[in-house]
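Trainee: I am new to this structure. Please choose one part of it and describe that part closely.

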Amino acid sequence: MNGFVMALRRDMVLALRHKSEWLTALFFFVIVTNLLPLGVGPEASLLRKIAPGVLWIGALLSTLLGLPRLFAPDHADGTLEQMALSPIPLPWLVAGKIVAHWLVCGLPVVLMAPLLGLQFDLPVRSLGLLVVSLMLGTPLLSAIGALGAALTLGLRGGGALLSLLILPLYIPALIFGAGAVEADLAGISAQGHLSLLGAILVVSVFFSPWVTSMALRIALE
Amino acid sequence: MSNSIINWFKYASPASFYPLAGRMIPWFSWLAVVLIASGVWLGLFVAPTDAQQSEGYRIIFVHVPASWMSMFIYCVMAFWSALGLAFNTRLSGMMTAALAPTGAMFAFLSLWTGALWGKPMWGTWWVWDARLTSQLILFFLYLGFIALQSAIDDPRRADRAGALLALVGVVNIPVIYFSVQWWNTLHQGASVSLTKAPSMAHVMLEGMLVMALGFWSYAIAVALTRVRCIILEREITSEWIKRNAVE
């Protein structure tokens, strides 16, 4: 547990000293979602219909943007090896890093989403639901993404490879996350979607630090 | 190890598996040729014309077995991956790597033949049906596995990283399948269902099973050939290859 707090604090301090890194991911989210109306036209009814999917895909891509930095800098300067050798269980350290990644890359996206939702003419009720679904979904994206980041650590073309590995695994989160908002827009209860999203979140947050540590040990061998 | 118990790990060594694979390849190759030829004959000449779909339905003799194989091969890959991670056997990783391209090929074949069938039957090459979508995602999972393996230079790391990915993938397949299914039904209602007519003529089912067995033999023959190449590539410096394998 100590290791969890330690890794979390360390990564947060590092992130706050390099503000450009996470601000880039946030602006990426804003710009990608703002490009879409320019591509498909400004018709309000169409925009309202595609808003949940667009915002969710934007969140997904901007999470992906921060993933290579999850382990790569620590791998480059040898910190990661020290972590793997330390008596503190590696999964705790990894869990701390995952939570830090979510706080840096996921949470700003969640907080920014309602504002972008307004641009897409989403009703206020759905905006709340959008925040809830992203709140459940973005930690899930960080947890699954950490595995991909560990598997592609130090490889040629790591970033593109990472998206090829991880994006198919993001599909359930996308379906239930965007589905919750869409169901609400259509006047159906979104509870089923949110429950399933929460269930997947619990399972992946439980297993991800453990599997990611295995992948890190393979990469460090 | 005493002689009284079976040595389960005898063929886990590439040196003893290499000749065994070499002896098995011709058998499975001929079996594949015979089975696929008789499957094609059953499918194209013996099976009756379908009442609703006329002649166009005959592509299912390729389509359905290919879909089965693509799913089955991923499970076999996961099996070898688990074995490789548990027992640290080198051959398991090689088998997984050898199976992946065949699985990807079957997944692609299933999508392609599905599109060819969908055009005359549904009037469109592609619908966002739950099965089509999850088959496409399975194809992506295969591509991800192959890309990861080919990006890693160290074969041991490639095997173990690939094994982990295959296991995570196989856990995800049911989740993805059900999520896509619910997504589809929640959105559009049952638009197009792939479910066949309630009763299928006996000979159609037989033709499909024969084709499936033929594809099975083909997959085994090809995977064994590929695993032999991988063994040669990786063990080229070892003594036993210099003594036996290179004739």
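Mentor: In this model, 22 residues of chain A are in contact with 22 residues of chain B, contact meaning that C-beta atoms, placed from the backbone, lie within 7 Å. The model is predicted: local features need pLDDT of at least 70 and side-chain atom pairs count only at pLDDT 80 or more, while totals for chains, interfaces and linings use all residues. Residues are numbered from 1 along each chain as its sequence is written, and chains are lettered from A and ligands numbered from 1 in the order in which they are written.

On the side of chain A that touches chain B, the elements giving two or more residues are α7 (124-151), α8 and α9 (191-220) of chain A. Helices here are DSSP runs of H or I with at least four residues, and strands are runs of E with at least two, numbered from the N terminus. The most comes from α8(A), with 10 residues. That side of chain A divides into 18 nonpolar, two polar and two charged residues; Ala, Val, Leu, Ile, Met, Phe, Trp, Tyr, Cys and Pro count as nonpolar, Asp, Glu, Lys and Arg as charged, and the others, Gly among them, as polar.

Helix α8 (residues 158-185) of chain A also gives the most, 16 residues, to the largest nonpolar core. This core has 141 residues, and A:A150, A:A215 and B:L164 have the most contacts inside it. Such a core is a set of buried Ala, Val, Leu, Ile, Met, Phe, Trp, Tyr and Cys residues joined through C-beta atoms within 7 Å. A residue is buried if 20 or more other C-beta atoms lie within 10 Å of its own, exposed if 12 or fewer, and partly exposed in between. Beyond its neighbours within four places in sequence, A:A150 is in contact with A:F71, A:T212, A:A215, A:L216 and A:A219.

One of these partners, A:F71, leads to helix α4 (residues 68-76) of chain A, whose buried residues are A:R69, A:L70, A:F71 and A:D74. The cover over them includes α7 and α9 of chain A, along with α2 (19-40), α3 (44-66), α5 (79-85) and α6 (90-119). Just after α4(A), A:G78 takes a positive phi of about 90 degrees.

On the other side of the contact, chain B has seven helices and zero strands. Buried residues make up 40% of its 247 residues.

Key. Contact = placed C-beta atoms within 7 Å.
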